[in-house]
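Welcome! Here are some short exercises to work through with the structure in view. Try each one before you read its solution.

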Amino acid sequence: MTDPTLLVGLGGVAGALARHLLGERIEEATYDTLAVNVIGSFLLGVLVAVPVGSDLLLLAGTGFCGAFTTFSSFAYETVRLAEGGYGWRAVRNAVVNLVGALVAVGLGTVVAGLL
């Protein structure tokens with residue numbers, strides 16, 4: 001077994017880089033946050049549902065998906081929308097992110113079941 005800290009660290013570096021590169025392609029901050037949260041949730045759903053082994057789960061699940069997704073940015077952006085007087089946009093942002101992530105995890109487990 002490889003050192004768990006090394007696996008999480010390597011996955012985290014890859015996840016952070018992937019998030020940064022995706023963020024550069026999407027100009028609106030709330031949309032890139034939504035994209036990484038939904039994509040990362042889907043990947044985690046697949047990883048958890050498929051018996052990938054503890055090393056790959058640490059590398060890809062904890063490390064990559066943990067660094068790729070950003071629920072702290074989601075929370076910050078939602079609060080900023082509310083403070084800026086965009087109450088309904090804040091509510092929509094919260095609902096779309098949370099429901100999108102939950103649906104993505106569910107779809108990931110369904111897709112994993114088909115593999």
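**Exercise 1.** Which residues in α2 are buried?

*Solution.* Keep in mind throughout that this is a predicted model. Start by looking for residues with under 20% relative accessible area. In α2 these are Thr-30, Asp-32, Thr-33, Ala-35, Val-36, Asn-37, Gly-40, Ser-41, Gly-45, Val-46 and Leu-47. Next, look at what lies over them: the cover includes α1, α3, α4 and α5.

**Exercise 2.** Check the span of α2 against its number of residues.

*Solution.* Take the 21 residues of α2 at 1.5 Å a residue, which gives an expected span of 30 Å. The multiplier is one less than the number of residues. Then compare the end C-alpha atoms of α2: they are 30 Å apart, so expectation and model agree.

**Exercise 3.** Find the side chain of opposite charge nearest to Asp-32, and decide whether Asp-32 has a salt bridge.

*Solution.* Begin by placing Asp-32, which lies in helix α2. Asp-32 is buried, and the nearest side chain of opposite charge is that of Arg-19, 6.2 Å away. A salt bridge needs a distance within 4 Å, and Asp-32 has none. Setting aside neighbours within four places in sequence, the contacts of Asp-32 are Gly-23 and Ile-26.

**Exercise 4.** Is Leu-47 buried or exposed? Work out what it touches, too.

*Solution.* Leu-47 is another residue of helix α2. Its relative accessibility is 14%. Because the cut-off for buried is under 20%, Leu-47 counts as buried. Not counting residues up to four places away in sequence, Leu-47 touches Val-52, Leu-57, Ala-60, Gly-61 and Cys-65. Take Ala-60 from that list: Leu-47 and Ala-60 are 13 residues apart in sequence, and their C-alpha atoms are 7.8 Å apart in space.

**Exercise 5.** Describe how α1 and α3 pack.

*Solution.* First locate helix α1 at residues 4-25 and helix α3 at residues 54-68. Their axes are 6 Å apart and the angle is about 35 degrees. The crossing of α1 and α3 is right-handed. Finally, list some residues that meet: among them are Leu-7, Gly-11 and Leu-22 in α1, and Leu-58, Phe-64 and Phe-68 in α3.

**Exercise 6.** Which helices do the buried residues of α5 pack against?

*Solution.* Pick out the buried residues of α5, including Ala-90, Asn-93, Asn-97 and Gly-108. The buried residues of α5 pack against α2 (29-49) and α4 (71-83).

Note on methods. Residues numbered from 1 in each chain as written. Predicted model: local features only at pLDDT ≥ 70, side-chain atom pairs only at ≥ 80, totals over all residues. Heavy atoms only, no water. Buried < 20%, exposed > 50% of the residue type's maximum accessible area, 1.4 Å probe, protein only. Helix = DSSP H or I, 4+ residues; strand = E, 2+ residues; numbered from the N terminus. Contact = heavy atoms within 4.5 Å. Lys, Arg positive; Asp, Glu negative; His and termini not counted. Axes fitted to C-alpha atoms, helices over the stretch in contact; angles between N-to-C directions. Left-handed = near helix turned anticlockwise from the far one by under 90°.
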